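Hi,

Here is the model I promised to pass on. Have a look at it first, and my notes follow underneath.

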Amino acid sequence: MDESGEYKRKESIVLVVIVVIAAISLVSLFLAFSYYCYIRNKVAKRVNTTESGGGGGVCDRESGFSEIKLSVEKGLHVFTFKQLHSATGGFGKGNVVGHGGFGAVYKGVISDGRKVAVKLMDRAGKQGEDEFEMEVELSGRLRSPYLLALIGYCSDNNHKLLVYEFMPNGGLQGHLYPAHAGSNNGTSKLDWETRLRIALEAAKGLEYLHEQVSPPVIHRDFKSSNILLDRNFHAKISDFGLAKLGSDKAGCHVSTRVLGTQGYVAPEYALTGHLTTKSDVYSYGVVLLELLTGRVPVDSKRAPGEGVLVTWALPRLTDREKVVQIMDPALDGQYSMKEAIQVAAIAAMCVQSESDYRPLMADVVQSLVPLVKRQHSASRVASCSSFHGTKSPVVHALDKTTL
Ligand SMILES: Nc1ncnc2c1ncn2[C@@H]1O[C@H](COP(=O)(O)OP(=O)(O)OP(=O)(O)O)[C@@H](O)[C@H]1O
Ligand SMILES: [Mg+2]
C-alpha cells in the first residue's frame, strides 16, 4: 500500500472514532436528561402529597389562597356570585336567617336541590379576609358529625361568601333566650334531655378539634350562637374563622391577639394572650352554665353581682343546696338533683381560673355520656326515679380540687 492509501485509511478510522464518540456522548446526554426529568417528576409528586395533607389532619403552615385551591380538591364547591344570588332569591330580606359579625346569613337552595345557609361578608379589611380564609381552609380539612359542614364558597374581587349545610333550628342561643330573639313570651322550650344531648354533642365537637387532629385546633370563639341545631335538635359547632392551630407539646401555648366574644373568653387568655385548648374548655363551661341557668354570659340589666354569669354561678355550683337556685326555672320538674349537681360540677371544673385544672374535653365527654344515656333510657321507660351511676371523671376530680 502506498503512502496516500495508508493516510486515507487512518483518516477514515479517526472519522469512525469521532462519530462513535459523538454518538456515545449524545446517548449519554439523552439518558442523563431522561433521568433528570424522572427525578424532578418524583420530587414534584412527593411535594404535592405533603401539601395536600397526606398525613391527615391539620398542618402548621400559614393559610393562604394556594391552600384554598387545594381545598377545592377536597370537595368544596366554588360558586359564582350569580349562582348564590339566584340560590337565595337575590339575597331577599325574607331569606335572612340571622346576622353576625361576618355579615348577614341567608337561607337558599343550590342547583342540586340542597338547602344551604349563605353567609355574605359585609365588612372590608384584613380581619374579615383572614377569617374567610381560615374558615375555608379548616372546614375543608376537618370532618366530624359534630362540626358544621362547609359546602363551598365564592371569592371574587368584590364578594366573599361562605355556603354551609342548612341547620333548620338555627343557633342554640335563640332557643335558650327566646325573649332576646323576640320569638315568644320568653320561656325556653328546650327541655333538659335535649340540653344534655346538645352539651354532649358540642363537647364531642371540641374533643375532635383538640384531641383528634394534629396539631390541635383551638376554636377561640366557642359560644351558644356557634352551636347550630338540625331539625331534630342535634348540635354542630360552627365558625372556624377565629380558629388557631395549637401546639402539640403538652403545656405549650400560642401567643395571639385576644379575639373572641365577651363573657366567653378565658381569663388567662384575656390577660396574657396565651392561648391553649383549655381556653376553649373555659368557653365550653360558660355554655354549660347557659344551658343550666338559661342566663346570658354578660347581662348588665341584672342585679349587682349577677351581671357576669361565671362570677355569680361559680360559688353556687359546688354547693348542693345552692345549685337548685341557679337552675333555669323553665326546667322545673325535668331533672333530678343528682343530674343537676353532676352537670354543675362539670361546669365548675371548666370555668376554673387556673387553666391547668380544667378538664380535657375527652373527660367532659366521658362524664356526660352516662347522663345522656340515662336520660335516653329513662324517657324510653317513662321513669326516672333511681340513679345509681358511677362517678364521672370530672366529678371525681372535683372532689379533690378546691375551687
Ligand atoms: N348553617 C346555618 N343554618 C341555619 N342558620 C344559620 C346557619 N349559620 C348561621 N345561622 C343563623 O345565623 C345567625 C348568625 O350567625 P353568625 O355565625 O353569622 O353570627 P353569630 O354566631 O351569631 O355571631 P358572631 O358573628 O359574633 O360569631 C345564627 O345565630 C343562626 O341563627
Ligand atoms: Mg356564628
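A bit of vocabulary for the ligand site: Ala, Val, Leu, Ile, Met, Phe, Trp, Tyr, Cys and Pro count as nonpolar, Asp, Glu, Lys and Arg as charged, and the others, Gly among them, as polar. This is a predicted model, where local features need pLDDT of at least 70, side-chain atom pairs count only at pLDDT 80 or more, and totals for chains, interfaces and linings use all residues. Residues are numbered from 1 along each chain as its sequence is written, while chains are lettered from A and ligands numbered from 1 in the order in which they are written.

On that scheme, the shell around ligand 1 has nine nonpolar, 11 polar and three charged residues. Of these 23 residues (near means a C-beta atom, placed from the backbone, within 6 Å), Gly98, Gly100, Gly101, Ala117 and Gly171 come nearest. Domain 1 (77-165) and domain 2 (172-399) each supply at least three residues of the shell; the domain bounds come from an automatic or database domain assignment.

Now the largest nonpolar core: buried Ala, Val, Leu, Ile, Met, Phe, Trp, Tyr and Cys residues joined through C-beta atoms within 7 Å. Buried means 20 or more other C-beta atoms within 10 Å of a residue's own. Among its 89 residues, Val163, Ala203, Leu288 and Ala347 touch the most other members. Both domain 1 and domain 2 give residues to this core, so it lies between them.

Leu288 touches Ala199, Val343, Ile346, Ala347 and Cys350, leaving aside residues up to four places away in sequence (contact is C-beta atoms, placed from the backbone, within 7 Å).

Cheers

Note on methods: A residue is buried if 20 or more other C-beta atoms lie within 10 Å of its own, exposed if 12 or fewer, and partly exposed in between; C-beta atoms are placed from the backbone. Two residues are in contact if their C-beta atoms, placed from the backbone, lie within 7 Å.
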